[in-house]
Amino acid sequence: MSHYTGKFITLEGIEGVGKTTNREYIRSLLEQTGIPCVETREPGGTPLGEALREMLLEHKHDGMSSDAELLMMFASRAEHLHKVILPALEAGKNVLCDRFTEATYAYQGGGRGINDRKIAELENWVQGELRPDLTIILDAPVETGRDRAGRRSEPDRIEKEQNDFFERVRQTYLQLQNHYPHRISVVDASVALEQVQDQIYHVMKQHGIID
Ligand code: Z5A
């Protein structure tokens, strides 16, 4: 949990579940509180982070070692925290971030098989005690997400993994919610957009993010 006036909210889920689509809706709810909102994403969110993102996702680096991938995610995160997230929270703003450390547990932990104690060490080192106030996991079957994403663009280096990889990613997200129910909520994203946004509204109310 952060001890700031503004809230730190992250959005998670496998590809194609609707993170980008729902970001604007969440932002509009946050803006109704009268507190300015900084919207950002990971990997990325800074010039260095966006350069790392490009390296992480392009096919040029197919076969990258899992440890290199993990460390690049946290390198991007360290820069992002120091340059964007912490200054915004310190200025009393809300921060809405498309993916954060839960994605590392899900993709590099569940997907790639890296031990979660290794990830926790990096999390503690890079973030100290900072954790999101609320993480919304948009959950849908792997086929649904991939089908939606596939209609949009060519798969990048991570998106080209097989269904069993994304099944492990999805299951790890659900386990994270089980471990941290006070700060992580799961929303059924397989239904129509209006129903997804209804659930998001209730989760944000329940967690006291909006009145
Ligand atoms: N990654 C990692 O491995 N470790 C880490 O620590 C971090 C990230 C931070 C980049 O993420 C990659 O980085 C990601 C994980 C890894 N790789 N993968 N896979 P990203 O967030 O930039 O990319 P993404 O997950 O691939 O996001 P996406 O494909 O852009 O999906 P999305 O944002 O969740 O979905 P969308 O664009 O909002 O929606 C997809 C389509 O579905 C679109 O046409 C919508 O109109 C449609 N849609 C959305 N909702 C609905 C509903 N309810 N019904 C019907 N259609 C819908």
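A polar contact, as the term is used here, is a pair of N or O atoms within 3.5 Å. With that in mind, let us walk through this predicted model, starting at its ligand.

A polar side-chain atom of Arg53 sits 2.5 Å from an oxygen atom of the ligand, so the pair falls inside that cut-off and makes a polar contact. The backbone takes part as well. At Gly18, a polar backbone atom is 3.0 Å from an oxygen atom of the ligand, while at Val191 a backbone N or O atom lies 2.9 Å from a nitrogen atom of the ligand. On its own the ligand would expose 1,100 Å², and the protein buries 84% of that. Looking around the ligand, you will find 28 residues, and those that come nearest are Thr20, Thr21, Arg53, Arg99 and Thr104.

Arg99 deserves a second look. This residue belongs to the loop between strand S3 (94-98) and helix H4 (101-111). Its phi is positive, about 75°, although Arg99 is not a glycine.

Another loop to visit connects strand S2 (37-41) with helix H2 (47-57), and there you will find Pro43. The peptide bond that leads from Glu42 to Pro43 is cis, and its omega is near -10°.

Now let us move on to a pair of helices. Helix H6 covers residues 142-150 and helix H7 covers residues 163-179. Their axes come within 10 Å and cross at roughly 115°, and the crossing is right-handed. Which residues in H6 meet H7? They are Val142, Glu143 and Arg146, and on the H7 side they meet Asn163, Phe166, Glu167 and Arg170. Sorted by character, the residues of this contact comprise 4 charged, 2 nonpolar and 1 polar.

How values were computed
Residues are numbered from 1 along each chain as its sequence is written. This is a predicted model: local features need pLDDT of at least 70, side-chain atom pairs count only at pLDDT 80 or more; totals for chains, interfaces and linings use all residues. Side-chain values use heavy atoms; hydrogens and water are left out. Axes are lines fitted to C-alpha atoms, for helices over the stretch in contact, and angles run from 0 to 180 degrees between N-to-C directions. Helices (H or I, at least four residues) and strands (E, at least two) are DSSP runs, numbered from the N terminus. A crossing is left-handed if the near helix is turned anticlockwise from the far one by less than a right angle, and right-handed if clockwise. Contact means heavy atoms within 4.5 Å. Ala, Val, Leu, Ile, Met, Phe, Trp, Tyr, Cys and Pro count as nonpolar, Asp, Glu, Lys and Arg as charged, and the others, Gly among them, as polar. A residue is near a molecule or strand if one of its heavy atoms lies within 4 Å of it. A polar contact is a pair of N or O atoms within 3.5 Å; within protein, one must be able to donate a hydrogen and the other to accept it, and residues adjacent in sequence count only if both atoms are side-chain atoms. Accessible areas come from the Shrake-Rupley method with a 1.4 Å probe; for residues, only the protein chains shown count as cover.
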